[in-house]
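Reader: Hello! I have a structure open in front of me and would like to learn how to read it. Could you walk me through it, step by step?

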Amino acid sequence: MSAPAPSGPAGPVQEIEERRFGPLLVRIDRTLCVGFGDCIDEAAEVFELDAEGICAFRADARDPGRERLLAACRSCPVDALLLLGDGGVQLAP
Ligand code: SF4
């Protein structure tokens, strides 16, 4: 039996979010995020903290380029950000 999804004021929280930037795929595991915002320091045009203080993609997220996406995903202290490249190669964490 699985635990019910956590619920916020806007309804159930999406635990995994994915966004593609060109050949790169970023996945946020929101169950791991502790909300310190290191990723936002690296790529504020991609990530934001939602009303619960958990990382999410900005609605208007723009591609910051490969190097800054790498830096942002590698900056996460709890490995909540997965970055996959061509062919599903894991680039971060
Ligand atoms: S760096 Fe990691 S823990 Fe910090 S806000 Fe981003 S996803 Fe969450």
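Author: Gladly! Let us begin with a term: Ala, Val, Leu, Ile, Met, Phe, Trp, Tyr, Cys and Pro count as nonpolar, Asp, Glu, Lys and Arg as charged, and the others, Gly among them, as polar. Please keep in mind that this is a predicted model.

Reader: How many residues of each class make up the shell around the ligand?

Author: The shell has 10 nonpolar, three polar and one charged residues. Of the 14 residues around the ligand, those that come nearest are Cys33, Asp38, Cys39, Cys55 and Cys76.

Reader: Thanks! What does the secondary structure of the protein come to?

Author: There are two helices and eight strands. Along the sequence they follow the pattern β-β-β-β-α-β-β-α-β-β. As for burial, 18% of the 93 residues count as buried.

Reader: Let me try a helix. Which residues of helix H2 are buried?

Author: In H2, which spans residues 66-75, they are Leu69, Ala72 and Cys73.

Reader: Why are they on the same side of H2?

Author: They cover an arc of only 95 degrees around the axis, so they share one side of H2. The general idea is this: an α-helix has 3.6 residues a turn, so residues three or four places apart point the same way.

Reader: And what covers the buried residues of H2?

Author: The cover includes strands S3 (16-21), S4 (24-29), S5, S7 (81-84) and S8 (90-92), along with helix H1.

Reader: Now a strand, please. Which residues of S7 are on its covered face, and which on its uncovered one?

Author: The general idea first: in a regular strand the side chains alternate between the two faces of the sheet. In S7, Leu81 and Leu83 form the covered face, while Leu82 and Leu84 form the uncovered one.

Reader: How does S7 run relative to S4, parallel or antiparallel?

Author: S4 and S7 run antiparallel and are joined by four bridges. Val26 stands opposite Leu83, and Ile28 has Leu81 as its bridge partner. S7 also pairs with S8 in the antiparallel sense, over two bridges; there Leu84 stands opposite Gln90.

Reader: What is found in the hairpin of S7 and S8?

Author: Five residues lie between the strands, and Gly87 takes a positive phi near 70 degrees. You can look at the hairpin of S3 and S4 as well: it has two residues between the strands, and Gly22 takes a positive phi near 60 degrees. S3 and S4 pair over six bridges in the antiparallel sense, with Phe21 and Leu24 as bridge partners.

Reader: Which residues touch the most other members of the largest nonpolar core?

Author: Cys39, Cys55, Ala72, Cys73 and Leu81 do, in a core of 16 residues. S4, H2 and S7 are the elements that give two or more residues to this core, and H2 gives the most, with three. Try clicking on Leu81: leaving aside residues up to four places away in sequence, Leu81 touches Val26, Ile28, Cys39, Ala72, Cys73, Cys76, Ala92 and Pro93.

Reader: One last residue: where does Ala44 lie?

Author: Ala44 is in the loop between helix H1 (38-42) and strand S5 (47-49). A residue is partly exposed when its count of other C-beta atoms within 10 Å falls between the cut-offs of 12 or fewer for exposed and 20 or more for buried. Ala44 has 14 within that distance, so Ala44 is partly exposed.

Notes. Residues numbered from 1 in each chain as written. Predicted model: local features only at pLDDT ≥ 70, side-chain atom pairs only at ≥ 80, totals over all residues. Near = placed C-beta within 6 Å. Arc of directions from axis to C-beta. Contact = placed C-beta atoms within 7 Å. Pairing = 2+ DSSP bridges. Core = buried A, V, L, I, M, F, W, Y, C linked by C-beta atoms within 7 Å.
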